[in-house]
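Please open the model in your viewer, with a cartoon for the backbone and sticks ready for side chains. The tour below proposes one selection after another and says what is to be found at each stop.

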Amino acid sequence: MKHYDYVEWLLYKNKALSVDKLEEMENHLYNCDICMEIFLSLIDKEEIEVADVAIPEDFTNKVMNKISEIKVANIQAKNIQKKKSNFGFQFGTYVAVASVTIILSLSGFFTNFVDAVPRITSSIQVVEKRPNFIANVSNSIVNSTSSFLYSIENNQRIKEER
Ligand SMILES: [Zn+2]
């Protein structure tokens, strides 16, 4: 490999050569550590300071803005995920409300309400009369809850029909 000497790199640095020669040397510079070392030795502290000034003052701000934009994008992505999990939360709430309804139904909280619907009253009375209550609890929950929900649906249907 043909190397360039100190003087040639000095001329290169001052762009005192033909465009073709500058291009040729530049390509060599990228691939040659020896010449790169010579070239870098020509760059003194003053020139580094000049280069430092050449970097736009708002460079740091621009970088920081980009970083916060990325953060905002991440937060928005998280919000989308939160919206998705909201469905799960609402479903969980529904299950909790349904569970409370079942417990209150069994403890007779809704007795006054269900008295208006004889069919449900009879089903709850059957539950109360059963001697092995615990063994039949799961069945009773299913029966009383489904008829309870059915009665609500019926009531709504009646209201809508009126
Ligand atoms: Zn070289």
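Begin by selecting I67, which is partly exposed because its relative accessible area is 38%, where buried means under 20%, exposed over 50% and partly exposed in between (1.4 Å probe, protein chains only). I67 belongs to helix 5, residues 59-106; helices (H or I, at least four residues) and strands (E, at least two) are DSSP runs, numbered from the N terminus. This is a predicted model, in which local features need pLDDT of at least 70 and side-chain atom pairs count only at pLDDT 80 or more, while totals for chains, interfaces and linings use all residues. Residues are numbered from 1 along each chain as its sequence is written, and side-chain values use heavy atoms, with hydrogens and water left out.

Now extend the selection to I55, F59, V63 and M64, which together with I67 make a nonpolar surface patch of about 440 Å². Patches are made of residues with over 30% relative accessible area and no salt bridge, with like charges joined within 9 Å and nonpolar side chains (Val, Leu, Ile, Met, Phe, Trp, Tyr) within 5 Å. The areas come from the Shrake-Rupley method with a 1.4 Å probe, and for residues only the protein chains shown count as cover.

Zoom out next to the whole fold. The protein has 8 helices and 0 strands, and from the N terminus on its elements run α-α-α-α-α-α-α-α. Of its 162 residues, 16% count as buried.

Turn then to helix 2, residues 19-31, and select E26, which is found there. E26 is partly exposed, with a relative accessible area of 32%, and it forms a negative surface patch with D20, E23 and E24. Here Asp and Glu count as negative and Lys and Arg as positive, whereas His and the chain ends are not counted; the place of a charge is taken as NZ of Lys, CZ of Arg, CG of Asp or CD of Glu.

In helix 2 you can also select H28, which counts as buried at 11% relative accessibility. Add M1 to that selection: the C-alpha atoms of H28 and M1 are separated by 9.3 Å, although the two residues are 27 residues apart along the chain.

Which residue forms a salt bridge with K21? Select E8, whose closest approach to K21 between N and O atoms is 3.9 Å, a salt bridge being a side-chain nitrogen of Lys or Arg within 4 Å of a carboxyl oxygen of Asp or Glu. The pair links distant parts of the chain, with K21 in helix 2 and E8 in helix 1 (residues 6-13), 13 residues apart. K21 itself counts as partly exposed, at 23% relative accessibility, and a search of the whole structure finds 1 salt bridge.

Move on to K15, in the loop between helix 1 and helix 2. Its phi is near 55 degrees, a positive value in a residue other than glycine, and K15 is exposed, with a relative accessible area of 63%.

Finish with two cysteines: C32 is buried at 4% relative accessible area, and C35 counts as buried at 0%. A search of the whole structure finds 0 disulfides, a disulfide being a pair of cysteine sulfur atoms within 2.5 Å.
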